[in-house]
Amino acid sequence: MPLTFRKSFRILPGVRLNINKKSWSITTGRKNGPRHTRSSTGRRTTSMDLPGPFGWRRTTRSRRTSG
């Protein structure tokens with residue numbers, strides 16, 4: 001099994017700094033309600049726990065590259 005590196009630090013209430021081997025990200029939001037994540041690679045994610053059997057929903061946008 002490969003080893004992975006991931007560390008999460010709580011900076012302020014509702015704000016987390018997440019670090020892994022290739023990038024870092026900032027997550028804002030709490031357990032209830034939407035959470036917004038912005039990554040150093042340009043990825044933006046919004047996730048939210050939904051009530052009942054629906055579980056959770058996630059929407060992701062990637063950074064567009066021009067060229």
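Which strand gives the largest share of the lining of the largest pocket? In this predicted model, that share comes from S2, which supplies five residues. The pocket itself has a volume of about 370 Å³. Its lining comprises 20 residues, and those nearest the centre are Arg6, Ser8, Arg16, Asn18 and Thr27. Two or more lining residues are given by each of strands S1 (6-12), S2 (15-20), S3 (24-28) and S4 (35-39). Divided by class, the lining holds 10 polar, six charged and four nonpolar residues.

Confidence across the protein chain was examined next. The mean pLDDT is 85, and 93% of the residues score at least 70. The strand that gives the largest share of the pocket lining, S2, is also where confidence is highest, at 95. The lowest confidence falls in strand S6 (residues 56-61), with a mean of 75.

The pairing of the strands that contribute to the pocket may be followed from S2 onward. S2 and S3 are antiparallel and are paired over five bridges. They form a hairpin in which three residues lie between the two strands. Within this pairing, Leu17 has Ile26 of S3 as its bridge partner. On the other pairing of S3, four bridges connect this strand to S4, again in the antiparallel sense. Here the bridge partner of Ile26 is Arg38 in S4. The hairpin of S3 and S4 has six residues between the strands, and Gly29 adopts a positive phi near 125° in this hairpin.

The side chains of S3 alternate between two faces. Ser25 and Thr27 are directed to one face and are buried, whereas Trp24, Ile26 and Thr28 are directed to the other and are not. Thr27, on the buried face, is also one of the residues nearest the centre of the largest pocket.

Ile26, located in strand S3, illustrates the other face. Its relative accessibility is 28%, and Ile26 is therefore classed as partly exposed. When residues up to four places away in sequence are not counted, Ile26 touches Ile11, Val15, Arg16, Leu17, His36, Thr37 and Arg38. These contacts include both of its bridge partners, Leu17 and Arg38. Ile26 and Ser40 are separated by 14 residues in sequence, with a C-alpha to C-alpha distance of 8.7 Å.

Lys7 belongs to strand S1. Because its relative accessibility is 41%, Lys7 counts as partly exposed. Beyond its neighbours within four places in sequence, Lys7 is in contact with Leu17, Asn18 and Ile19. Of these, Leu17 is the residue bridged to Ile26, and Asn18 is among the residues nearest the centre of the largest pocket. Lys7 and Lys22 lie 15 residues apart in sequence, and their C-alpha atoms are 12 Å apart in space.

A further pairing involves S5 and S6. These strands run antiparallel and are joined by six bridges. Met48 has Arg57 of S6 as its bridge partner. The two strands form a hairpin with six residues between them, and Gly52 in the turn shows a positive phi of about 75°. S6 is hardly covered, as the number of buried residues among its six is zero. This strand is also the one with the lowest confidence.

Two residues of S5 were considered individually. Thr45 is placed in strand S5 (residues 44-49). Its relative accessibility is 15%, below the 20% limit for burial, so Thr45 counts as buried. Outside the neighbours within four places in sequence, Thr45 is in contact with Arg35, His36, Thr37, Arg58, Thr59 and Thr60. Ser47 likewise lies in S5. At 16% relative accessibility, Ser47 is therefore also buried. With residues up to four places away in sequence excluded, Ser47 touches Gly33, Pro34, Arg35, Arg57 and Arg58. Arg35 and Arg58 thus occur in the contacts of Thr45 and in those of Ser47, while Arg57, touched by Ser47, is the bridge partner of Met48.

Conventions
Residues numbered from 1 in each chain as written. Predicted model: local features only at pLDDT ≥ 70, side-chain atom pairs only at ≥ 80, totals over all residues. Heavy atoms only, no water. 1 Å grid on protein atoms, 1.4 Å probe; cavity = no way out; pocket = protein on both sides within 12 Å on 5 of 7 lines; lining within 4 Å. Points joined across faces, edges and corners; volume = space filled by probe spheres on them. Nonpolar A, V, L, I, M, F, W, Y, C, P; charged D, E, K, R; others polar. Buried < 20%, exposed > 50% of the residue type's maximum accessible area, 1.4 Å probe, protein only. Pairing = 2+ DSSP bridges. Contact = heavy atoms within 4.5 Å. pLDDT = per-residue confidence, 0-100.
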